[in-house]
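Thanks for coming. I will go through one structure today, starting with its charged pairs and ending with its helices. Please have the sequence and the model open.

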Amino acid sequence: MLFCFMTSQCVYRCLPILGMRRSRLFLIIILSLAASDARTQQATAPLSICLNGGPSYGINESVNQTLGPAFHLSVLWLHGINQYISPEFGIGVANNSGSNPKGYSDYRTSMFPIDLRFRISPSATSVVSPFVYLGIGLVSWNSSLEAPNKAADGKPSGVALFFPLGGGITHRFNEHWSLELSAGWNPSLTDNLNDVHDGKSDGWWQAAVGVIYHFTKRDDDPDDDGLSNAEEHLYGTNPHDPDSDHDGLNDGDEVKVYHTNPLNPDTDGDGLSDGDEVHIYHTDPLKADTDGDGLSDYDEIKIYHTDPLNPDTDGDGLSDGDEVKKYRTDPLKKDTDGGGVSDGEEVRRGTNPLDPKDDYSTKHR
């Protein structure tokens, strides 16, 4: 409800400035997104609130820019689209100004942006998470100081599209609080953010430090994987994805049942995913060679087609690993050379398990 109310109020204030057709279209799109996000978040994941502030620097015709203040308040849905992409809807305020010794490009402009962004983070579940963002928004501006050489067709106020682009890093201290550092570029589609024109659209840079509050509880388990939010934070798993490493085992089972690594799809590094080892092959996901025969589980299943749970698949008295690596015999045939004596017996007698000619004579001595 807070999300929808903030959205509707911001758009409503801009309607008198926008054309009616565009206003209605923009209002429908934004409110649909807001309502959709709110319904989904109530069902699956809590919201986060982010407030940041810092210096703003205008990109326009002014010769001497001065740093002005900028603030941004947003509603963030962490992992709202998937493990790596988080939608964010925000409103802000920024003030840009500039001066010139001759006074020709003095200006002072207040801006009120609203935007929809998408944060992309390759490690969104980590304590320290770098991210980039991109989005689209509307900026309403009002110039309180006009330059002496202002353009004849300049507009001291109005609304224009802009495109927030940038990046930053967050540090999550606990399940509720994170610190954020960010910087971004905000190019617009208007040349009126100051009232001197050069045929190029204006914009502004912004750097910020902020805090994020996550509306979570220690015992919440939004992805129903058997780990609470506090436990997911402890292990670094994604609280909105029941299988963080997508190996076929949910995070709770990995941590509490199988003791595998919920952030590594192949804990023992044998080439088989933890889920396949548990559910399909019934091998040990913590041991690369479950039966201890000298062949990894992957090699037994994918290459030699031996039984990873039986160290001597053909029952000839030689381990599968010795047959493959030492004697070069077939671990699927008890008598590789077909001479009538098993490979194990030949090895014990000192005959060649790859030569059938010595099986008979040795057998009848």
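By a salt bridge I mean a side-chain nitrogen of Lys or Arg within 4 Å of a carboxyl oxygen of Asp or Glu. Keep in mind that this is a predicted model.

With that cut-off, the structure holds 6 salt bridges. I will take three pairs in turn, beginning with Glu-88 and Arg-119. Their closest N and O atoms are 3.0 Å apart, which is inside the 4 Å limit, so the pair counts as a salt bridge. Glu-88 sits in strand 4, residues 85-99, and Arg-119 in strand 5, residues 107-120. The two are 31 residues apart, so this pair links distant parts of the chain.

Are these two partners buried or exposed? Glu-88 has a relative accessible area of 2%, and Arg-119 has 6%. The threshold for buried is under 20%, so both count as buried.

Arg-119 has a second partner, Glu-180, and here the closest N and O atoms are 2.5 Å apart. Glu-180 belongs to strand 9, residues 177-187, while Arg-119 is in strand 5, so this salt bridge ties together parts that are 61 residues apart in sequence. Glu-180 is buried as well, at 2% relative accessibility. Through the shared partner, Glu-88, Arg-119 and Glu-180 are joined into one network.

The third pair is Arg-117 with Asp-115, with 3.2 Å between the closest N and O atoms. Both Arg-117 and Asp-115 are buried.

Staying with strand 5, look at Thr-109. Its relative accessible area is 1%, so Thr-109 is buried. The side chain of Thr-109 makes a polar contact with the side chain of Ser-143, at 3.3 Å. Which residues does Thr-109 touch, once its neighbours within four places in sequence are left aside? They are Ala-94, Asn-95, Asn-96, Trp-141, Asn-142, Ser-143, Leu-193 and Asn-194.

Another residue to find is Asn-64, in strand 2, residues 64-66. Asn-64 is partly exposed, with a relative accessible area of 33%. From Asn-64 to Ser-97 the sequence separation is 33 residues, and the C-alpha to C-alpha distance is 8.7 Å.

Now to the surface. A nonpolar patch is formed there by Leu-51, Val-127, Val-128, Ile-169, Phe-173, Trp-177, Leu-179, Leu-181, Val-209 and Val-211. Together these residues have about 840 Å² of accessible area. Two elements give two or more residues to the patch, namely strand 9 and strand 10, residues 203-214. Which of the elements gives the largest share of the patch? That is strand 9, with 3 residues. Val-128, one of the patch residues, is in strand 6, residues 128-145. At 39% relative accessibility, Val-128 counts as partly exposed.

That leaves the helices, and I will take them in sequence order. In helix 4, residues 251-258, the buried residues are Asp-251, Gly-252, Glu-254 and Val-255. Their cover includes helix 3, residues 229-235, and helix 5. At the start of helix 4, a side-chain oxygen of Asn-250 comes to within 3.1 Å of the backbone nitrogen of Gly-252. Just after helix 4, His-259 has a positive phi of about 60°.

Helix 5 covers residues 274-281. Its buried residues are Asp-274, Gly-275, Glu-277 and Val-278, and they pack against helix 4 and helix 6. The residue following helix 5 is His-282, with a positive phi near 60°.

Helix 6 runs over residues 297-304, and Asp-297, Glu-300 and Ile-301 are buried in it. Why are these three on the same side of helix 6? They cover an arc of only 85° around the axis, which puts them on one side. As a reminder, an α-helix has 3.6 residues a turn, so residues three or four places apart point the same way. The cover over the buried residues of helix 6 includes helix 5 and helix 7, the latter being residues 320-327. Just after helix 6 comes His-305, with a positive phi of about 60°.

To close, the two items I would keep in view are the network of Glu-88, Arg-119 and Glu-180, and the packing of helix 5 against helix 4 and helix 6.

Technical notes
Residues numbered from 1 in each chain as written. Predicted model: local features only at pLDDT ≥ 70, side-chain atom pairs only at ≥ 80, totals over all residues. Heavy atoms only, no water. Buried < 20%, exposed > 50% of the residue type's maximum accessible area, 1.4 Å probe, protein only. Helix = DSSP H or I, 4+ residues; strand = E, 2+ residues; numbered from the N terminus. Arc of directions from axis to C-beta. Contact = heavy atoms within 4.5 Å. Patch = residues over 30% accessible without salt bridge, like charges linked within 9 Å, V, L, I, M, F, W, Y side chains within 5 Å. Areas by Shrake-Rupley, 256 points an atom, 1.4 Å probe, with all protein chains shown as cover. Polar contact = N/O pair within 3.5 Å; in protein donor to acceptor, adjacent residues only side chain to side chain.
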